[in-house]
Amino acid sequence: MPIHEVVGRWDWIYCVDVLEHIPMELIDATLDAMARCTRKGGFLQIACFEDGCGMLIGERLHMIVQPPQWWEPKIAERWDIVERGNNQQYAQFVIANGKV
């Protein structure tokens with residue numbers, strides 16, 4: 001089921017190594033839908049590097065390869081950022097209080 005069709009709300013979300021697989025043209029709608037579903041907060045981790053396995057099957061698996069600084073405003077637009085990871089390979093955010 002596409003995330004924009006998800007109905008319901010959950011206290012917490014946990015999204016690890018998923019968002020980099022979303023096509024660029026769908027990332028804002030995906031984050032909006034996630035924010036609408038979140039009551040309290042959660043944890044997001046996004047890989048910020050080219051995938052290695054996609055070459056084995058001839059496909060690009062990480063559709064969005066951007067540094068944490070690119071992701072931060074997108075996350076901050078939808079949630080309060082409580083804590084950030086200190087790692088350039090992964091954008092990591094503890095989030096609260098959805099704004100959408």
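This is a short group-meeting talk on one predicted protein model.

Okay, hi everyone. Please keep in mind that what you see above is a predicted model, and that I'm going to walk through it piece by piece.

Let's start with the core. The largest nonpolar core has 19 residues. Which residues have the most contacts inside it? They are Leu 19, Met 34, Leu 44, Trp 71, Ile 75, Trp 79 and Phe 93. Who supplies the core? Well, β1, α1, β2, α3 and β4 each put in at least two residues. The largest share comes from α1, with four residues.

So have a look at α1, which runs over residues 27-37. Its buried residues are Ile 27, Thr 30, Leu 31, Ala 33, Met 34, Ala 35 and Cys 37. And what covers them? The cover includes β1, β2 and α3. Met 34 is a nice one to click on, as it sits in that buried list and is also among the residues with the most contacts in the core.

Just before α1 there's a loop coming from β1, and Val 18 has its place there. Is Val 18 buried or exposed? Neither, really: its relative accessibility is 39%, so Val 18 counts as partly exposed. Now find Leu 44, one of those core residues with the most contacts. Val 18 and Leu 44 are 26 residues apart in sequence, and their C-alpha atoms are 9.0 Å apart in space.

Next, Phe 93. If we leave aside neighbours within four places in sequence, which residues does Phe 93 contact? There's a run of names here, including Phe 43, Leu 44, Ile 46, Trp 71 and Ile 75. Glu 72 and Arg 84 are also among its contacts, and I'll come back to those two.

Phe 93 falls within strand β4, residues 90-96. This strand pairs with β3, residues 80-84, in the antiparallel sense over four bridges. Together β3 and β4 make a hairpin, with five residues between the two strands. If you want a place to check the pairing, go to Asp 80, which stands opposite Ala 96 in β4. While you're looking at strands, here's a handy rule: in a regular strand, side chains alternate between the two faces of the sheet.

Right, aromatic rings. We describe a pair of rings by the distance of the centres and the angle of the planes. How many aromatic pairs does the structure hold? Three. One of them is Phe 49 with Tyr 90: the ring centres are 5.4 Å apart and the planes are at 90°, so this pair is edge-to-face. Phe 49 is in the loop between β2 and α2, while Tyr 90 is in strand β4, so the pair ties together parts that are 41 residues apart in sequence. Another pair is Trp 70 with Trp 71, also edge-to-face, at 4.9 Å centre to centre and 85° between the planes. Those two tryptophans have separate stories at the surface. Trp 70 counts as partly exposed because its relative accessibility is 24%. Trp 71 is buried, because its relative accessible area is 0%.

Last topic: charges. Side chains of opposite charge can pair when their charged atoms come close. The count here comes to eight salt bridges. Let me show you three.

Glu 50 bridges to Arg 60, with the closest N and O atoms 3.7 Å apart. That pair links distant parts of the chain, from the loop between β2 and α2 to the loop between α2 and α3, ten residues apart. Glu 50 is partly exposed at 48%, and Arg 60 is partly exposed at 46%.

Now back to Arg 84 and Glu 72, as promised. They form a salt bridge with the closest N and O atoms 2.5 Å apart. Arg 84 is in strand β3 and Glu 72 in helix α3, twelve residues apart, and the pair links these distant parts of the chain.

And then Glu 77 with Arg 78, which meet in a salt bridge of 3.8 Å, N to O. Which of the two is exposed, and which is buried? Glu 77 is exposed, with a relative accessible area of 52%, whereas Arg 78 is buried at 2%. Both also belong to a network of salt bridges that links them with Asp 28, Asp 32 and Lys 74.

That's my tour. Thanks for listening!

Key
Residues numbered from 1 in each chain as written. Predicted model: local features only at pLDDT ≥ 70, side-chain atom pairs only at ≥ 80, totals over all residues. Heavy atoms only, no water. Pairing = 2+ DSSP bridges. Buried < 20%, exposed > 50% of the residue type's maximum accessible area, 1.4 Å probe, protein only. Contact = heavy atoms within 4.5 Å. Phe/Tyr/Trp six-rings, centres within 6.5 Å; stacked < 30°, edge-to-face > 60°. Core = buried A, V, L, I, M, F, W, Y, C linked by side-chain atoms within 4.5 Å. Salt bridge = Lys/Arg side-chain N within 4 Å of Asp/Glu carboxyl O.
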